Amino acid sequence: MKKLTIVAVIAIAAATLIGCGNSTPKANLKTDVDTLSYAIGLSQTQGLRDYLVGRMGMDTAYVDQFIKGLNDGVNSGDDKKKAAYFAGIQIGQQISNQMIPGINHEIYGDDSTKTISLKNFMAGFITGATNSKGIFTPEEAQGIAQIKMQAIKAKAAEETYGPNKKAGEKFLAENGKKADVKTIPVTLPDGTKSFIQYRVIKEGNGTVPADTSMVKVNYEGKTIDGEVFDSSFKRGEPVKMRANQVIKGWTEVLTHMPVGSNWEVFIPQELAYGERAAGNIKPFSALVFNIELLGIE
């Protein structure tokens, strides 16, 4: 999860305008200081309207309310009580207009019917803002948010892309019955069992890489319906990579494959990208690779 932070709103003209209510003060340029003051105030508003509309979501139909608030802010001087209130208004609007929509999009994508709980968000936010004792520490909260967000994203993705998962399972079940297809058992971090299927096109007799080895490979990747999404063969240039810095299915294959081998590999979704999309690869997609291990660097 990307770390989301509050950015204080820049009150561009606050230091240069004086007035009351929601009226616009009339310029009276009798002296050089008067003219200087007016010129500075006007020049400081360059880009302000775009900022208010684009960044703060202000409706220009209510510009008179903006002027009222602006004048109230300027005329509050160094009143710390009012300053705290105005800061709360600004940050509250950022939460409503920027943070919550941003978080919802990160979790639920384009599904605008789903949202996190604003009530509980604010309970946590205010606890942290007032430095009160919460259910978790801020550090614990960050970790828990990461875990829960991933779980909710996975559940939402499965609701949309569940058929991909079933199609992959069916494909691998049928593929595993073929006489020339072999299986490598894999244990996932949570203890559940999975597997890699492969078919030997050419068996090499070189060294088998360790998971930390830098390897040189040619490959082509396809979805189970045969759509090619990447190919170093077509680019005409092998790729160098560390065996443990790729999807888990690749790591498992490379650490069982002698240099000089060419295998067709069948990887279930949980050892590929899982609930994540990757380029043209949809969530929960089983993948097929033609991998040629050329050497260990």
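What follows is a set of questions and answers on a predicted model.

User: How many helices and strands does the protein have?

Analyst: This is a predicted model. Its secondary structure includes helix α5, at residues 118–129, and strand β7, at residues 287–296. The full count is eight helices and seven strands.

User: What radius of gyration does the protein have, set against a compact globule of 297 residues?

Analyst: The C-alpha atoms fill a box of roughly 95 × 45 × 35 Å along the principal axes. A compact globule of 297 residues would come near 19 Å. The protein has 29 Å.

User: What share of the residues counts as buried?

Analyst: Buried means under 20% relative accessible area. Leu 287 passes at 1%, and Glu 264 passes at 17%. Of the 297 residues, the buried share is 28%.

User: Which strand gives the largest share of the largest nonpolar core?

Analyst: This core has 26 residues. Elements that each supply at least two of them include β1, β2, β3, α8, β6 and β7. The largest share is four residues, and it comes from β7.

User: Which residues have the most contacts inside that core?

Analyst: Take Ile 196 as an example. Beyond its neighbours within four places in sequence, Ile 196 is in contact with residues including Ile 184, Val 186, Val 253, Val 265, Ile 267 and Leu 271. The residues with the most contacts inside the core are Ile 196, Val 217, Trp 250, Val 265, Ile 267 and Phe 289.

User: How many residues are in the second, separate core?

Analyst: The members of this second core include Ile 107, Phe 121, Met 149 and Ala 156. Its size is nine residues.

User: How many bridges join β3 to β7?

Analyst: The two strands run antiparallel. One of the pairings matches Val 217 with Leu 293 in β7. The number of bridges joining β3 to β7 is nine.

User: Which residue in β7 is the bridge partner of Val 265?

Analyst: β6 and β7 pair in the antiparallel sense over six bridges. Val 265 is among the residues with the most contacts inside the largest nonpolar core. Its bridge partner in β7 is Phe 289.

User: Is Leu 287 buried or exposed?

Analyst: Leu 287 sits in strand β7. Leaving out residues up to four places away in sequence, Leu 287 touches Lys 222, Phe 229, Val 265, Ile 267 and Tyr 273, among others. Its relative accessibility is 1%, so Leu 287 counts as buried.

User: How far apart in space are Leu 287 and Ala 61?

Analyst: In sequence, 226 residues separate the two. From C-alpha to C-alpha, the distance is 53 Å.

User: Is Glu 264 buried or exposed?

Analyst: Glu 264 is found in strand β6. Not counting residues up to four places away in sequence, Glu 264 touches Gln 197, Tyr 198, Arg 199, Ile 201, Val 288, Phe 289 and Asn 290. At 17% relative accessibility, Glu 264 is buried.

User: How many salt bridges does the count come to?

Analyst: Side chains of opposite charge can pair when their charged atoms come close. Here, Glu 158 and Lys 165 meet at 3.2 Å, N to O. Asp 111, Lys 114 and Glu 159 form a network of salt bridges. The count comes to eight.

User: Why are Asp 72 and Lys 68 separated by about one helical turn?

Analyst: Their side chains meet in a salt bridge at 3.3 Å, N to O. Asp 72 is partly exposed at 30%, and Lys 68 is partly exposed at 35%. They are separated by about one helical turn because they lie four residues apart in helix α3.

User: Which residue of the salt bridge between Lys 248 and Glu 252 is buried?

Analyst: The two side chains meet at 3.4 Å, N to O. They are four residues apart in helix α8, so about one helical turn separates them. Lys 248 is partly exposed, at 33%. At 16%, the buried residue is Glu 252.

User: What span should the 12 residues of helix α5 have?

Analyst: The rule allows 1.5 Å a residue. The end C-alpha atoms are 16 Å apart, which agrees with the expected 16 Å.

User: Which residue with positive phi follows α5?

Analyst: Helix α5 covers residues 118–129. The phi in question is near 55 degrees. The residue is Asn 131.

Note on methods:
Residues are numbered from 1 along each chain as its sequence is written. This is a predicted model: local features need pLDDT of at least 70, side-chain atom pairs count only at pLDDT 80 or more; totals for chains, interfaces and linings use all residues. Side-chain values use heavy atoms; hydrogens and water are left out. A nonpolar core is a set of buried Ala, Val, Leu, Ile, Met, Phe, Trp, Tyr and Cys residues joined through side-chain atoms within 4.5 Å. Buried means under 20% relative accessible area, exposed over 50%, partly exposed in between (1.4 Å probe, protein chains only). Contact means heavy atoms within 4.5 Å. A salt bridge is a side-chain nitrogen of Lys or Arg within 4 Å of a carboxyl oxygen of Asp or Glu. The expected span of a helix is 1.5 Å times one less than its number of residues. Two strands pair if DSSP finds at least two bridges between them. The radius of gyration is taken over C-alpha atoms; the globule rule is 2.2 Å times the number of residues to the power 0.38.
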